[in-house]
Amino acid sequence: MTLSAQSILDFPVPQATHVVTARDAMLYALSVGYGTNPLDENALNYVYERDLVAAPTLANIVAHPGPWLQQTGVDWARLVHSEHRLMIHRPVPLDVPLISRSRVLSVVDRGVEKGMFVSFERLIATVDGDEPIATIVQTNACRGDGGCGSAGLAPEPLSKVPDREPDFEYNVDIPRNAALLYRLNGDLNPLHVDPRAAGSSGFDRPILHGLCSFGYAGYAIVAAIDPGMATGLSAIAARFSAPIFPGETITLQMWRNDAEIRFRGIVASRGVTILDNGMARLS
Ligand SMILES: CCCCCCC[C@@H](O)CC(=O)SCCNC(=O)CCNC(=O)[C@H](O)C(C)(C)COP(=O)(O)OP(=O)(O)OC[C@H]1O[C@@H](n2cnc3c(N)ncnc32)[C@H](O)[C@@H]1OP(=O)(O)O
């Protein structure tokens, strides 16, 4: 297939179905930090089958259409997840058939040196009744492609975090086995675990899944604001501005304006911002 912005824009992203089990929900929650303090009654609700509820960011792994961009001719090994937005309409129900319908929103060409950004939207709903569960906009940086033109309407840029000291900070330790655990949610991209695959993608070691650090951010924002973990999220979005490696500590810097939290994630040991332009809405 000839790679062109229009052919990517027109690509029929496959629909996907998914029934999320209690085990899926508990695995996901554990893989993004929940259960660190299981003595708290509310925190236990995400990781224990009694009164189990889905972690707010669980929709990210529901009915993902898989590595469909590979089928358009994009160099999959050079692709990284670059931005993610999740709007939560209701918590992911367990043991209920769910479906995702996706469409490509935009291709932004940055030339052969830089590659291109491809954004797509995924709507998740119940199969019976078509009740909306979540709307997700994912942007991938296709670093090995570019020069094929732009098409479609790119999402509005996420705005920058405030230019002042953060209102509060929260450290979150990413376990050394985080990618090995997170991949069991369905993203088996070898970039995250296999040193050879990481090498062919241009990294000197495997990098963490973007959606793993994103899930940790969702967990940490709630944990920082409400140690009882009873607060929900109705939206969360961020830019993956640099890779993070399993075993590192993210310092989440947060600015609060009522129900809206702006955030940034820093790996202080390397002096690198790994999550930027973050926004979360409490519910
Ligand atoms: C179940 C099946 C699942 C299938 C999914 C599988 C996919 C996953 O497995 C893959 C992953 O999880 S990869 C891991 C997570 N992602 C990363 O680690 C990427 C980290 N980011 C980078 O490397 C660079 O920011 C990079 C490369 C993204 C961009 O860096 P540069 O090219 O140097 O850009 P820069 O010059 O800094 O910025 C110029 C302008 O480009 C835009 N931009 C920059 N970074 C962006 C980003 N991350 N997202 C969106 N847009 C971005 C901006 O317009 C920017 O201008 P400005 O800074 O003024 O806004």
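Which strand and which helix each supply at least two residues of the lining of the second largest pocket? They are strand S7 (168-173) and helix H7 (210-225), where helices (H or I, at least four residues) and strands (E, at least two) are DSSP runs, numbered from the N terminus.

A quick word on the model first. It is predicted, so local features need pLDDT of at least 70 and side-chain atom pairs pLDDT 80 or more, while totals for chains, interfaces and linings use all residues. Numbering runs from 1 along each chain as its sequence is written, and side-chain values use heavy atoms, with hydrogens and water left out.

**The second largest pocket**

This pocket has a volume of about 290 Å³. Of its 18 lining residues, Gly33, Thr36, Asn37, Tyr170 and Tyr219 sit closest to the centre. S7 gives the largest share of the lining, 4 residues. By type, the lining splits into 11 nonpolar, 5 polar and 2 charged residues. Here Ala, Val, Leu, Ile, Met, Phe, Trp, Tyr, Cys and Pro count as nonpolar, Asp, Glu, Lys and Arg as charged, and the others, Gly among them, as polar. As for terms, a pocket is an open set of points on a 1 Å grid over the protein atoms alone, where a 1.4 Å probe fits, with protein on both sides within 12 Å along at least five of seven lines; lining residues have an atom within 4 Å of a point. The volume is the space filled by probe spheres set on the points, which are joined across faces, edges and corners.

**Around the ligand**

The shell holds 25 residues, and His81, Ser82, Asp187, His192 and Phe240 come nearest; a residue belongs if one of its heavy atoms lies within 4 Å. Three polar contacts (N or O pairs within 3.5 Å) are worth a look:

| Ligand atom | Protein partner | Distance |
|---|---|---|
| oxygen | Asp187, side-chain N or O | 2.7 Å |
| oxygen | His192, side-chain N or O | 2.7 Å |
| nitrogen | Phe240, polar backbone atom | 2.9 Å |

Taken alone, the ligand exposes 1,200 Å², and the protein buries 71% of that (Shrake-Rupley method, 1.4 Å probe). Strands S2 (79-88) and S8 (233-240) are the elements giving two or more residues to the shell, with S2 supplying the largest share, 4 residues. The shell divides into 9 nonpolar, 10 polar and 6 charged residues.

**Two positive phi angles**

Ala63, not a glycine, has a positive phi of about 50°. Ala63 lies in the loop between helix H3 (41-44) and S2, and counts as buried at 2% relative accessibility (buried is under 20%, exposed over 50%). Asp258 also has a positive phi, near 55°, in the loop between strands S9 (249-257) and S10 (260-267). Asp258 is exposed, with a relative accessible area of 64%.

Note on methods: Polar contact = N/O pair within 3.5 Å; in protein donor to acceptor, adjacent residues only side chain to side chain. Buried < 20%, exposed > 50% of the residue type's maximum accessible area, 1.4 Å probe, protein only.
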